Amino acid sequence: MSIVRIALVSAVSALCLGAFGAAAQQPQNAPGSPSATSTIDSRQLPPPDPAFGGVIEQGALQSKPWWAPRVVPPKGAPNVLLIITDDAGFGVPSTFGGFIPTPTMDRLASEGLRYNRMFSTALCSPTRAGLITGRNHHSAGFGVVSEQSTGYPGYSSIIARDKATIGRIMRDNGYATAWFGKDHNTPAFQASQSGPFEQWPTGMGFEYFYGFVGGDANQWQPNLFRNTTQIYPFEGKPPGTWNLMTAMADDAIDYMTRLHQTQPDKPIFIKYAPGATHAPHHPTKEWVDKISAMHLFDDGWNKVRERIFENQKRLGVIPQTAKMTPWPTDKLKEWDQLTAEEKKLFIRQVDIFAAYAAYNDHEIGRVVQAFEDLGKLDNTLIIYINGDNGTSAEGGPMGTPNEVAWFNGVSDMPVDVQMKFYDAWGTDQTYNHMSAGWSWAFDTPFSWFKQNASQLGGVNQNMVVSWPARIKDKGALRQQFVHVIDVLPTVLEAAGIGAPDMVDGIQQKPIEGTSFAYTFDAENAKAPSRHDTQYFEMMGQWALYHDGWFLSTKVNRAPWEAFGPANPDPLNNQVLELYNLDSDFSQSANIAAEHPEKVRELRDMFVAEAKKYQVFPMDASVAARMVAPRPNITAGRTEFVYTRPMVGLPQGDSPQLLNTSYAVTADIEVPQGGAEGMIFTSGGRFGGYGFYLLKGKPVWLWNLVDLERVKWEAPDALTPGRHVVEFEFKYDGLGFGTLAFNNMSGIGRPGTGALKVDGTVVATRTMPKTLPITLQWDESFDIGSDTLTGVNDADYKPPFALTAKLNRLTIKLDRPQLSLEEVEKLQAAISDKARAD
C-alpha cells in the first residue's frame, strides 16, 4: 500500500466523521512499518486487503518489506460503555424521582445529561435487537422474543446478514468489543452446542461474551457462558455467596484491565446488560437488609406513586403541567383495600425488587469506576438506559414465588401459599416476581407496563449519557424524542465511524435510527427532535408517534392475561386513542373525539410504517406463540437416542414432552452394591421432570412449577446387572394443534403414566393436569447427571451423577394429530365467536 493510498483511505475516513471535529487517524511511523496504523473507509467491512507497498527483488537484501497498517478508529474516538437494564420503568431510579437509590446513575447524570423521552419497544429482546442493529425490531426479525418466534420475516428472531450489529461495525473499525450479561438475541432454536453460532454475541462482532442466553436467569446458578462454552463458576460455593451481578462486574473489570495492560491505546466498546431487574429478583442478603432497613415502601403503592410523582416534578424531569394517570381500580386493588397479610407479603416482594435494582446500580458503578481507575473515564461515552421496557407485571396482581408458574397459567397464587416462601424470597429457593401494583407505581407518571406497546408505561424509558471530554452542559435535561434504534448511529457519530454499505459482500439495509449526538451540545438543548416518526407494536397492541402526536390502541389485555383466545384482528378490532405528548407528557387526556381527521391520518401512517418494517402479519397471541413450531433441531423428529452422558442442551433444542404422549426407555447396568443418580432430566427446581434411581429404585417425577410434585416410584431397588426401565405417558388432550385455531383447549390436559421395570408395570398414576407451556427455561436437558438445580430437593442434590452404566436412552414421541372432525369443530368455534363479536 503506497503512501498515496494510505492518505486516500485516511481522507475518506475523515469524510465519515461526525460533528466533533476529530480527524482521521494518520499513519504512525513510516507507512509499511510494523507499527503503522490507519483508519478505514468503513463503507465496506471487512476492508479489502491493501496492495503490497514494498519492493520485491530476487534477493531479500535488495528488497524492501512492508506491513499492512493495523486498523484503528479515528483519533480521539471514545471508549463506549452501553448499559441497558431490564424490566425497569420510568419511576424506578432515584435519578428520575424514584425511591430506589441509584447513585451510579445519579453520578453520571450530574456529569452528563438526562433524557426523559427515551423509548423502547415494550419487550426485552425486541428492544435489544433495535439497540444493536439501529433498525426497528420487526426489521431485525424480533417482533417478539425468540421464545415466541414464528415463520415470518418480522418475527423469526433471526437478525439477517444485511443488518450488521454495532459490535461488528466497531470491531472492524479497530475497537475491542465485549458483551456482558443478558443475550436475548440468539434464537432459542440455535442456543445449543450444535450451533450455528453466527447469532451468538461472538458471531455478531463481539469478540468476548460473558453472560447468559435467554430472557432471564437464576442469578445464583445461571446458565452461564464464556463465549460459547458453558461454565459453572458457582459450583462448590455456599448458597448465597456467589451472584452473577457481582461476577459479571468482576469479569468486565478484569477484561478492561487486561485490554488496558495489553494495548492501552485501543478503545473499548462494551455492551453491559445485567439481568436486573427482570424476574427472578435475586439480590444478595446484604442489599436486602440495606433496603428493608430503609422502610421505603411501608405506606403502600398508592402513596409511593404519589411521592414519586412529586419527586419527578421537584427534580424537573417531568413538566410541572404533567398529570398523573389514574389508578386502575378494575385491575388492581388500592393499598387500603388489602389485608394485613397481603401488605406484609407485598412489602417483602418490593423490598427484594428494590434491593436488586440498587445492587445492580452499585455493580455498574464498579465498572464505571474501573474506567476512571484506568484513566479512561474522561474520554468514555457512557449510555445508561434504565429498562428495555416498562416494569414487568408478569407476576400478576398477587406476585409469585415462581415466575415459571405464571408462564404456565398460574397467575393468581393465594397469599397463604406465597407466605410459605416469605423468608426465602429472593434466594435460590425462589424464582420470584412482585405484584403488578408495584409495577404500576414504578412506571409513574405513566400507565400500564411491559408488553403494552401502546402505553407510555410500556415504552417510555429514561436514560443518562455521560462523556466528560465532550458534554459540557452537565446535569441538564434533554426532552427530544429518542428511540433505542437511535443508539447505534449516535455511537458511530461519536466515534467518527460511518455506517457500512457492504458487510461480507452483502448490501446493508439503511440504518433506521437517527443520531441524537446533536443533543450533546448546550445550544441544541431545545432543538426539535430529529426522530419525528416512530411506530410501536407488540402482540397486537400498537401505536404511532409523529411530531408530538401519539395514536394508540386502548389496552385490551393486561400482561398477565395471556392464556385466552387472542384478538383475531389486531389491526382493526381496536379502540383508537389520540394524545398530544407535547402538551400531555403522561398520556393522560384522550382527544381522539376532537380530532377524528388526525386519527385517520395517523392510522394510515401506521399501516404504511407497518408494511415498510415487516410488522405484518400482526398477531395478538401471547402464550400460544410460546409453543408454536420452530425450526429447532428436534423439529419433525419422533425418536431420540442417546448412548452416553451429556449436559447443557437448552430447552429450545431438546425433545419436548409437553402436551404429547411419550415413551422413555433406559437400558442400564447396575454394578455390585447398587446404583443411584440421574438418568435424564429437563428443567429444574421451578418446573421440569426427572428420571432417576433413588437408593436404587427407579423414579419418574414431574415438578409442577414447585407447587406440586407427581411421582412414580418402584417398590424395590434394582439388583446388580442389566435392566430396562421405562416410563410411558398417555396424553388425553388434542395437543398443540388447537392453537392454530386460536384455541388453547388442547394443552395442559390430563394424562396417565406407567413406570415399568424389565417389562413389568410397577407404578401407575393419572395426572389431572400437566404443564401446558414450558419447563424452567434457564435449565437444560441433561443425561447422566443434573446441572444447576434439581427437580426435587427432597430426593437429591445436583449433580447426582448416575453410578449405573447407561447403555442406551430412547425417547419416543406420539404427538396428537387433529382429526378432520376436530378441525371442523375448531373452525366452527372461530366462526361462532366472530358472529358473536
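**Entry 1: strands 21 and 32.** I started with one pair of strands: strand 21 and strand 32 (residues 805-814) are joined by 4 bridges and run antiparallel. I looked up one bridge by name and found Glu639 partnered with Lys812 in strand 32. A reminder to myself before going on: this is a predicted model.

**Entry 2: the whole sheet.** Next I followed the pairing outward. I got an open sheet of 6 strands, in the order 21-32-23-28-29-30, with antiparallel pairing. Which strands sit at the edges? They are strand 21 (639-642) and strand 30 (760-767), and each of them pairs on one side only. I also noted the twist, which averages 10° from one strand to the next.

**Entry 3: Asp667.** I then picked a residue inside the sheet's strands. Asp667 belongs to strand 23 (residues 661-670). Buried or exposed, I wondered about Asp667? I put Asp667 down as buried because its relative accessible area is 14%, and the cut-off for buried is under 20%.

So much for burial; I went on to the neighbours. Setting aside residues within four places in sequence, I listed Arg722, His723, Lys805, Leu806, Asn807 and Arg808 as the contacts of Asp667. With Arg722 there is a polar contact, side chain to side chain, at 2.6 Å. Asn807 lies 140 residues from Asp667 along the chain, yet I found their C-alpha atoms separated by 5.4 Å.

**Entry 4: the nonpolar cores.** I turned to the largest nonpolar core, which has 189 residues. Which of them touch the most other members? I wrote down Tyr272, Trp700 and Trp702. Helix 8 (residues 340-373) gives the most to this core, 17 residues. I also noted a second, separate core of 52 residues, with Leu113, Met118, Phe206 and Leu488 among its members.

I took a closer look at Trp702. Not counting residues up to four places away in sequence, Trp702 touches several aromatic and aliphatic side-chain owners, including Leu657, Leu658, Tyr662, Tyr689, Val710 and Trp712. Glu708 and Arg709 are also on the list for Trp702.

**Entry 5: helix 2 against helix 8.** Last, I went back to helix 8 to see how helix 2 (residues 103-111) meets it. The two axes come within 8 Å and cross at roughly 45°. I therefore logged helix 2 as oblique to helix 8. On the helix 2 side, the contact is made by Pro103, Thr104, Met105, Arg107 and Leu108. On the helix 8 side I found Asp361, His362, Ile364, Gly365, Val368, Gln369 and Glu372.

Methods: Residues numbered from 1 in each chain as written. Predicted model: local features only at pLDDT ≥ 70, side-chain atom pairs only at ≥ 80, totals over all residues. Heavy atoms only, no water. Pairing = 2+ DSSP bridges. Helix = DSSP H or I, 4+ residues; strand = E, 2+ residues; numbered from the N terminus. Axes fitted to C-alpha atoms, helices over the stretch in contact; angles between N-to-C directions. Buried < 20%, exposed > 50% of the residue type's maximum accessible area, 1.4 Å probe, protein only. Contact = heavy atoms within 4.5 Å. Polar contact = N/O pair within 3.5 Å; in protein donor to acceptor, adjacent residues only side chain to side chain. Core = buried A, V, L, I, M, F, W, Y, C linked by side-chain atoms within 4.5 Å. Parallel < 35°, antiparallel > 145°, perpendicular 65-115°, else oblique.
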